[in-house]
Amino acid sequence: MLLIDILLKSLLIQQVDANDCLLLDDKGSYKFTKEGILLYQNAVKGTGYHEGFHRFTQLYLTPKQKQMLYKEVRDNFTHIDVIVNKKLVAIPIEQAEDIDIEEFLAREFAKYGLSNGQMMFGKRV
């Protein structure tokens with residue numbers, strides 16, 4: 001199963017329309033399809049960066065490259081933030097699944113994008 005399939009199943013999918021677009025959040029702020037990402041005016045600031053990160057990792061990285069990326073996080077972090085009941089909660093990295101790391105990285109990439117290049121993340125880019 002592709003990680004994007006796990007990602008889509010792990011989020012609350014509110015609607016699948018006739019064009020097979022998946023409306024993924026409870027605010028109706030974006031749709032993610034194989035063709036692209038549609039952002040709405042009420043999207044949370046940074047949603048474009050967040051979803052763009054998923055689009056890149058899930059459509060362009062090989063499974064081996066994704067595992068290398070997730071391993072780098074596991075090797076360099078003791079805890080990551082995950083969303084539990086709509087709240088960010090820190091969990092030990094040993095308890096993190098690939099989907100948790102993917103979401104963590106997408107949130108961090110959104111922060112980076114909104115920082116105008118001022119935020120530094122890790123030792124390498």
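This tour walks through the salt bridges of a predicted model, then ends at a residue beyond the last helix of the walk.

**Getting started**

How many salt bridges does the structure hold? There are 3, and we will visit them one by one.

**Stop 1: along helix H3**

Select residues 63-76, which make up helix H3. Now show the side chains of lysine 71 and aspartate 75: they meet in a salt bridge, with N and O 2.6 Å apart. Within the helix, these two residues are 4 positions apart, so about one helical turn separates them.

Switch on a surface if you like. Is aspartate 75 buried or exposed? Aspartate 75 is exposed, at 51% relative accessible area; because the cut-off for exposed is over 50%, this value falls in that class. Its partner, lysine 71, has 47% relative accessibility and counts as partly exposed.

**Stop 2: from H3 across to H4**

Stay on helix H3 and pick arginine 74, then add aspartate 98. What links them? A salt bridge does, with the closest N and O atoms 3.0 Å apart. Aspartate 98 belongs to helix H4 (residues 98-114) while arginine 74 sits in helix H3, so this pair ties together parts that lie 24 residues apart in sequence.

Both ends of this bridge can be checked on the surface. Arginine 74 is partly exposed, with a relative accessible area of 29%. Aspartate 98 is also partly exposed, at 22%.

**Stop 3: along helix H4**

Follow helix H4 onward and select glutamate 108 together with lysine 111. Their side chains form a salt bridge of 2.9 Å, N to O. Being 3 residues apart in helix H4, the two are separated by about one helical turn.

Which class does each partner fall into? Glutamate 108 is buried, with a relative accessible area of 12%, whereas lysine 111 is partly exposed at 44%.

**Stop 4: past the end of H4**

Keep glutamate 108 on screen and add methionine 120. Where does methionine 120 lie? You will find methionine 120 in the segment after H4. Draw a distance between the C-alpha atoms of methionine 120 and glutamate 108: they are 9.9 Å apart in space, with their positions 12 residues apart in sequence numbering. Methionine 120 is exposed, with a relative accessible area of 66%, while glutamate 108 is buried.

**A last view**

To finish, show the three pairs together: lysine 71 with aspartate 75, arginine 74 with aspartate 98, and glutamate 108 with lysine 111.

Notes:
Residues are numbered from 1 along each chain as its sequence is written. This is a predicted model: local features need pLDDT of at least 70, side-chain atom pairs count only at pLDDT 80 or more; totals for chains, interfaces and linings use all residues. Side-chain values use heavy atoms; hydrogens and water are left out. A salt bridge is a side-chain nitrogen of Lys or Arg within 4 Å of a carboxyl oxygen of Asp or Glu. Buried means under 20% relative accessible area, exposed over 50%, partly exposed in between (1.4 Å probe, protein chains only).
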